[in-house]
Amino acid sequence: MILVAALALVTYWWIDGGGLTDLGGWASGLTSVGRITGLVASVLLLAQILLMARLPAIERAFGQDRLVGLHRWIGFTSFNLMVAHIVTITWGYDGGTLPAFPRQFWNLVTTFPGVLLSVLGSAYLVGVTVTSIKAARRKLRYESWHLMHLYAYLGVGLAIPHQLWTGQQFVGSPSKTLFWWTAWGVTMGTVLVWRVGLPVTVNLRHRLKVESVVDEGHDMWSVNVTGRDLGRLKVEAGQFFNWRFMSGPGWSRSNPYSLSAAPDGRTLRITVQGVGDGSNAVSSLRPGTRVFVEGPYGRLSNRPRTQSRLAFIGAGVGITPLRALAEGLDYEPGSAVYLERFTYDPLFPSESTLLAQQRGLQVIRSGGPRRAPDSWIGSASGDGDDLTTLQAWIPDIAERDVYICGPVPWSELVLKTLRDAGVPDAHVHIETFAW
């Protein structure tokens with residue numbers, strides 16, 4: 001609602017300033033289009049930053065995976081509007097003639113305060129946007145992509161002076177100036193508090209360090225972390241942190257890992273699959289290595305729960321937050337099902353068996369390769385269709401809260417089967433591995 005109100009406000013300012021009237025002429029129309037695209041791009045840029053500022057209220061409402069999707073969509077839209085703003089403003093200022101475009105662009109860069117900085121900022125944002133395209137992301141390591149994304153803050157910082165010093169709708173009146181300075185100030189303050197101040201405070205208080213690393217097989221390792229006064233750390237089973245291990249090169253790039261055991265006030269445990277430089281480096285961590293975390297984040301917790309009966313459905317290393325939930329949530333014996341999908345061996349088999357003995361957790365294991373390209377169930381589980389198999393395993397699935405974690409394509413297949421089984425969307429709590 002705040003985003004819609006901000007977009008409506010700047011549109012009103014554009015109309016009130018003659019934006020619609022100016023569309024009647026060629027050169028004035030180009031300039032008018034440049035103004036409105038610049039205004040909307042600026043609002044969306046603010047929204048893009050706020051979505052990833054780790055505001056607890058927003059994070060709890062949407063969850064990180066949905067926030068990432070919104071952030072990406074708004075980011076591409078803002079970028080396209082920014083490019084349109086640069087082209088149409090320059091074209092309009094030179095009278096709408098293409099031959100004078102390069103000269104006019106150079107004149108804007110060298111004459112108007114802050115324009116040169118905004119061009120440099122735009123160049124950084126171009127790099128961030130290009131590396132966010134799916135085809136480009138597939139060719140990048142997560143660590144490289146994450147480092148490139150940090151330059152977005154530099155790009156935004158370089159763009160601000162031009163907007164606040166020379167933008168017509170930024171400096172046209174004291175009230176407009178106050179609005180933009182306040183909006184940018186609140187946004188930057190939010191980033192400093194939640195992305196910098198809070199993590200620093202948490203880490204100074206708890207002083208986390210590696211206690212041990214356990215080889216779980218198939219390129220997976222569990223890392224046990226200890227610290228001071230962990231009982232005061234506000235984290236729930238199923239949530240994740242962004243982790244930095246101060247063990248050498250690469251410490252500045254964080255990686256998101258879920259807790260694989262319910263927090264007990266003494267230790268935290270994560271389980272990592274070696275799929276890149278950062279995750280593979282976990283295997284060589286030494287006891288005593290300092291740890292820096294941001295978080296906790298994630299909606300896979302008790303907060304969104306609506307039913308007394310539960311089902312946990314996970315694949316591969318995605319079972320880790322569900323393993324923590326199966327330990328940490330309250331449920332009656334026999335009222336929670338733990339369905340694990342794996343290719344080679346289940347993860348934590350002895351732990352899930354112990355939970356079955358101690359708490360009445362129903363454990364279902366589906367092993368082997370997928371039995372068909374459009375199936376999320378393992379070949380060892382028979383030949384029936386996914387819906388029939390799921391309803392045979394969990395006949396009352398439509399009356400349960402269902403927690404899902406795993407790769408995106410696999411999770412989408414599970415979600416389709418759940419909908420076919422009549423599970424309301426409000427009962428489904430999902431977290432996927434995507435960046």
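Where is the place of Arg54? To find out, select Arg54 in the viewer: this residue sits in the loop between H3 and helix H4 (56–62). Please bear in mind throughout that the model is predicted.

**First stop: the loop at Arg54**

Keep Arg54 selected and examine its backbone. Its phi is near 65 degrees, a positive value in a residue other than glycine. Is Arg54 buried or exposed? The relative accessible area of Arg54 is 12%, and buried means under 20%, so Arg54 is buried.

**Second stop: helix H3 and helix H5**

Now select helix H3 (residues 26–51) together with helix H5 (residues 64–93). Two packed helices are described by the angle between their axes and the distance between the axes. Here the axes come within 7 Å and cross at roughly 155 degrees. Angles over 145 degrees count as roughly antiparallel, and H3 and H5 are therefore roughly antiparallel to each other. The crossing in which H3 passes H5 is left-handed. Sorted by class, the contact of H3 with H5 has 18 nonpolar, twelve polar and one charged residues.

Within H3, select Thr31. With a relative accessible area of 11%, Thr31 is buried. Leaving aside residues up to four places away in sequence, Thr31 touches Thr88, Ile89, Gly92 and Tyr93. Display the side chains of these residues to view the contacts of Thr31.

**Third stop: helix H3 and helix H11**

Keep H3 and add helix H11 (residues 174–206). At what angle do H3 and H11 pack? The angle is about 20 degrees, and the axes are 9 Å apart. Angles under 35 degrees count as roughly parallel, so H3 and H11 are described as roughly parallel to each other. H3 passes H11 in a left-handed crossing.

To display this contact, select the following residues:

- from H3: Leu39, Ser42, Val43, Leu45, Leu46, Ile49 and Leu50;
- from H11: Trp180, Ala183, Trp184, Thr187, Met188, Thr190 and Val191.

By class, the contact of H3 with H11 comprises eleven nonpolar, three polar and no charged residues.

**Fourth stop: the open sheet**

Proceed to strands S1, S2 and S5. Strands of a sheet pair through backbone hydrogen bonds, either parallel or antiparallel. In this model, three strands form an open sheet in the order S1-S2-S5, and the pairing is antiparallel. Which strands are the edge strands? They are strand S1 (209–215) and strand S5 (267–273), each of which pairs on one side only. From one strand to the next, the twist averages 25 degrees.

Next, select strand S2 (residues 220–226), which is joined to S5 by seven bridges. Within this pair of strands, Asn224 stands opposite Arg269 in S5.

Then move to the loop between S1 and S2 and select His218. Phi of His218 is near 55 degrees, a positive value in a residue other than glycine. His218 has 46% relative accessibility and counts as partly exposed.

**Fifth stop: a cis peptide bond**

Select Gly295 and Pro296, which are joined by a cis peptide bond with omega of about 10 degrees. Pro296 belongs to strand S6 (residues 291–297).

**Final stop: Pro409**

Select Pro409 in helix H16 (residues 408–420). Its relative accessibility is 52%, and exposed means over 50%, so Pro409 counts as exposed. Finally, add Thr432 to the selection: Pro409 and Thr432 are 23 residues apart along the chain, and their C-alpha atoms are separated by 9.2 Å.

Note on methods: Residues are numbered from 1 along each chain as its sequence is written. This is a predicted model: local features need pLDDT of at least 70, side-chain atom pairs count only at pLDDT 80 or more; totals for chains, interfaces and linings use all residues. Side-chain values use heavy atoms; hydrogens and water are left out. Two strands pair if DSSP finds at least two bridges between them. Helices (H or I, at least four residues) and strands (E, at least two) are DSSP runs, numbered from the N terminus. Axes are lines fitted to C-alpha atoms, for helices over the stretch in contact, and angles run from 0 to 180 degrees between N-to-C directions. Buried means under 20% relative accessible area, exposed over 50%, partly exposed in between (1.4 Å probe, protein chains only). Angles under 35 degrees count as roughly parallel, over 145 as roughly antiparallel, 65 to 115 as roughly perpendicular and the rest as oblique. A crossing is left-handed if the near helix is turned anticlockwise from the far one by less than a right angle, and right-handed if clockwise. Ala, Val, Leu, Ile, Met, Phe, Trp, Tyr, Cys and Pro count as nonpolar, Asp, Glu, Lys and Arg as charged, and the others, Gly among them, as polar. Contact means heavy atoms within 4.5 Å.
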